[in-house]
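Here's a quick walk through one protein chain, written for someone who likes the cut-offs spelled out. Have a look at the model first.

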Amino acid sequence: MNIRTLDLNLLRVLSALLAEQSTVGAAKRVGLSQSAVSAALGRLRGALDDPLFVRQGQRIVPTDFARSLEVPLKSILDDLEALLLRQAEFDPSGVAQSFKVAASDFFAVMLMPRLADILARRAPQMQVQLVDLLPNSYVGILEREGVDLALVPKTEFPTWSEHQILFQSRFVMIARKGQPRLDRSGLRPGDVVPIDLFCDLGHVVFSPEGNLKAMGDAALARIGRTRRVVMTMPVFSGVCIAVAGSDLVALVPEQLARRMAPLLGLNTYQPPMPLAAADICMLWHKRSTATAAHRWFRGVVAEVLGTLNQQDS
């Protein structure tokens, strides 16, 4: 017999037959039909060159050779089941592993503090490295830069990747408390800013590449308007600090605005033009999908970021 050509599923059938000594009982144990079990027994007889079972009344009785296989075969199958169960019931408490996550600094605020607390309690030996996204290369980083996860807006992803939508991100306008033009207009936090005022205010644009136009400009262009961009920043934290220390305004994700507003003395307002919410995804390479540690880490990231949708409701 050549073990390389043996269908290992047949060994599960053989173990069930040895335990039940009945094709009906074995079929129930392994979740197959009686005819499928009988066919499997025929293949086993040919592969092992032994009858394996002989009919005795209503039962089938194992041959001496088959009986000699019962204990070691059960041990092998039990060991295999235990191995796979350990993969399914992954215990992170003693695992020393590092995960590299590519994302904007939005996640330095909205993910990393809570993630640090969870890892300290559940996986104290794990490390997480948050690294910048490479402009226009959300996907390539998973292949070339040793990144385990990317946190990015939903787009067309390659077939070798997997993704999970974590939350929706809406955008609001932020301005410092006491911004004179907003105060003179009589606007209160949460109000919609009139389109003429919105376009005339000085704006800070978030752009790692230094682009003077972003999704807000595309939304304005659809209604035939433009805004006055004064500066760009490569990180959201810089955008918020610049707004807090000046009369400039900016469009930022609503969850970040809510977190930073009390810290920096900011108010939030609704922009005047329609802005579609962005689906924010966790993206990874398919090679890591079934890896126990990676699967556990993805679950923790999803646990933390999934609460951002609840904050919107």
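What follows covers the overall build, the nonpolar cores, two backbone oddities and a pair of individual residues.

## Ground rules

This is a predicted model, with local features needing pLDDT of at least 70 and side-chain atom pairs counting only at pLDDT 80 or more, while totals for chains, interfaces and linings use all residues. Residues are numbered from 1 along each chain as its sequence is written, and side-chain values use heavy atoms, with hydrogens and water left out.

## Overall build

The protein chain holds 13 helices and twelve strands; these are DSSP runs numbered from the N terminus, with helices being H or I of at least four residues and strands E of at least two. How does the radius of gyration sit against that of a compact globule of 313 residues? The chain has 30 Å, against near 20 Å for such a globule. Here the radius is taken over C-alpha atoms, and the globule rule is 2.2 Å times the number of residues to the power 0.38. Along the principal axes, the C-alpha atoms fill a box of roughly 100 × 40 × 35 Å.

Of the 313 residues, 41% are buried (buried is under 20% relative accessible area, exposed is over 50%, and partly exposed is in between, with a 1.4 Å probe and protein chains only). The accessible surface comes to about 16,400 Å², and carbon and sulfur atoms own 52% of that (Shrake-Rupley method, 1.4 Å probe; for residues, only the protein chains shown count as cover). As for contacts (heavy atoms within 4.5 Å), take those between residues at least 6 apart in sequence: 74% of them join residues at least 24 apart.

## Nonpolar cores

A nonpolar core here is a set of buried Ala, Val, Leu, Ile, Met, Phe, Trp, Tyr and Cys residues joined through side-chain atoms within 4.5 Å. The largest one has 45 residues, and Phe107, Leu151, Val301 and Leu305 have the most contacts inside it. Helix α13 (residues 292–312) supplies the largest share of this core, nine residues. Apart from it lies another core of 19 residues, including Val30, Ala40, Leu44 and Leu48.

Zooming in on Leu151, and leaving aside neighbours within four places in sequence, its contacts include Phe107, Val301 and Leu305, along with Cys281 and Met282. As a general backdrop, nonpolar side chains in soluble globular proteins tend to be buried together.

## Positive phi, twice

Most residues other than glycine have a negative phi. Gln21 goes the other way, with a phi near 50°. Gln21 sits in the loop between α1 (9–20) and α2 (23–30), and is buried at 18% relative accessible area.

Leu52 is another non-glycine residue with a positive phi, about 70°. Its place is the loop between α3 (34–48) and β1 (53–56). Buried or exposed? Leu52 counts as buried because its relative accessibility is 0%.

## Pro153 and Thr226

Pro153 belongs to strand β5 (residues 149–153) and is partly exposed, with a relative accessible area of 34%. Its C-alpha atom is 5.8 Å from that of Cys281, although 128 residues separate the two along the chain.

Thr226 lies in the loop between α10 (215–221) and β9 (228–233), and at 56% relative accessibility Thr226 counts as exposed. Which residues does Thr226 contact, leaving aside neighbours within four places in sequence? They are Cys199 and Leu220. Thr226 and Val109 are 117 residues apart along the chain, and their C-alpha atoms are separated by 30 Å.
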